[in-house]
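This report looks at charged side chains, how exposed they are, and how they pair. Please keep the sequence and the structure in view while reading.

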Amino acid sequence: MNYDELKDAIKQAMKDHDKNRLAILRQVHGEIKNIEVNERREIEDADVVAMFKRVIKQTRETLEASVKAGNNQERTDLLTEQVEILEGYLPAQVSGDELMALIEKVLEETGATTKKEMGKVMGALTKATDGNFDKAAAAKELGSRLS
């Protein structure tokens, strides 16, 4: 997703009268505008993806707090839908067999054999996938492979 695609998605949400999608996309757009104004620089595609991930994290935290507080079901449904909307705009995560093959490749390339080198392997995985991989699954697999 890039900045122009985000603007187009906002316009489409307005045309579709999708208030929930529009609200969450405007939130992301506002956060990006803050970066643009505060840091006085052009927005890159990586900034947009990073902002989506950040807003997803914030929304999940709000959802967890809402559930713990026993807020009404309507509120939790709204937050759950917003997370799903945002995740739909992110690139697909590498997982399953594809992730296992990539882990194998990175282990061979780095020569890592101990858990002390796990950070180096995770860094190489992040670089290879632009951070779009199931980190929990990768850590679990690496934990079982590294001594």
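In this predicted model, Asp45 has a relative accessible area of 45%. That value lies between the cut-offs of 20% and 50%, so Asp45 counts as partly exposed. Asp45 lies in helix H3, which covers residues 45-69.

Asp45 also belongs to a negative surface patch, together with Asp4, Glu5, Asp8 and Glu44. Which helix gives the largest share of the negative patch? Helix H1, residues 3-15, supplies three residues of the patch, and this is the largest share.

**Salt bridges**

Side chains of opposite charge can pair when their charged atoms come close. The count of salt bridges in the model comes to nine. Three of the pairs are set out below, with the distance between their closest N and O atoms.

| Acidic residue | Basic residue | N to O distance |
|---|---|---|
| Glu31 | Arg54 | 3.6 Å |
| Glu36 | Lys33 | 3.1 Å |
| Asp47 | Arg41 | 2.8 Å |

The bridge between Glu31 and Arg54 links two helices, because Glu31 lies in helix H2 and Arg54 in helix H3. The pair therefore ties together parts that are 23 residues apart in sequence. Arg54 is partly exposed, and its relative accessible area is 43%.

The salt bridge of Glu36 and Lys33 is set within helix H2. These two residues are three places apart there, so about one helical turn separates them. Lys33 has a relative accessibility of 34% and counts as partly exposed.

Is Asp47, the partner of Arg41, buried or partly exposed? Asp47 counts as buried, because its relative accessibility is 15% and the cut-off for buried is under 20%. Arg41 is partly exposed, with a relative accessible area of 31%. Glu39 joins Arg41 and Asp47 in one network, formed by salt bridges that share partners.

**A buried residue in helix H2**

Asn20 lies in helix H2, which spans residues 19-39. With a relative accessibility of 11%, Asn20 counts as buried. Which residues does Asn20 contact, leaving aside its neighbours within four places in sequence? They are Leu78, Glu81, Gln82 and Ile85.

Conventions. Residues numbered from 1 in each chain as written. Predicted model: local features only at pLDDT ≥ 70, side-chain atom pairs only at ≥ 80, totals over all residues. Heavy atoms only, no water. Patch = residues over 30% accessible without salt bridge, like charges linked within 9 Å, V, L, I, M, F, W, Y side chains within 5 Å. Areas by Shrake-Rupley, 256 points an atom, 1.4 Å probe, with all protein chains shown as cover. Salt bridge = Lys/Arg side-chain N within 4 Å of Asp/Glu carboxyl O. Lys, Arg positive; Asp, Glu negative; His and termini not counted. Charge placed at Lys NZ, Arg CZ, Asp CG, Glu CD. Helix = DSSP H or I, 4+ residues; strand = E, 2+ residues; numbered from the N terminus. Buried < 20%, exposed > 50% of the residue type's maximum accessible area, 1.4 Å probe, protein only. Contact = heavy atoms within 4.5 Å.
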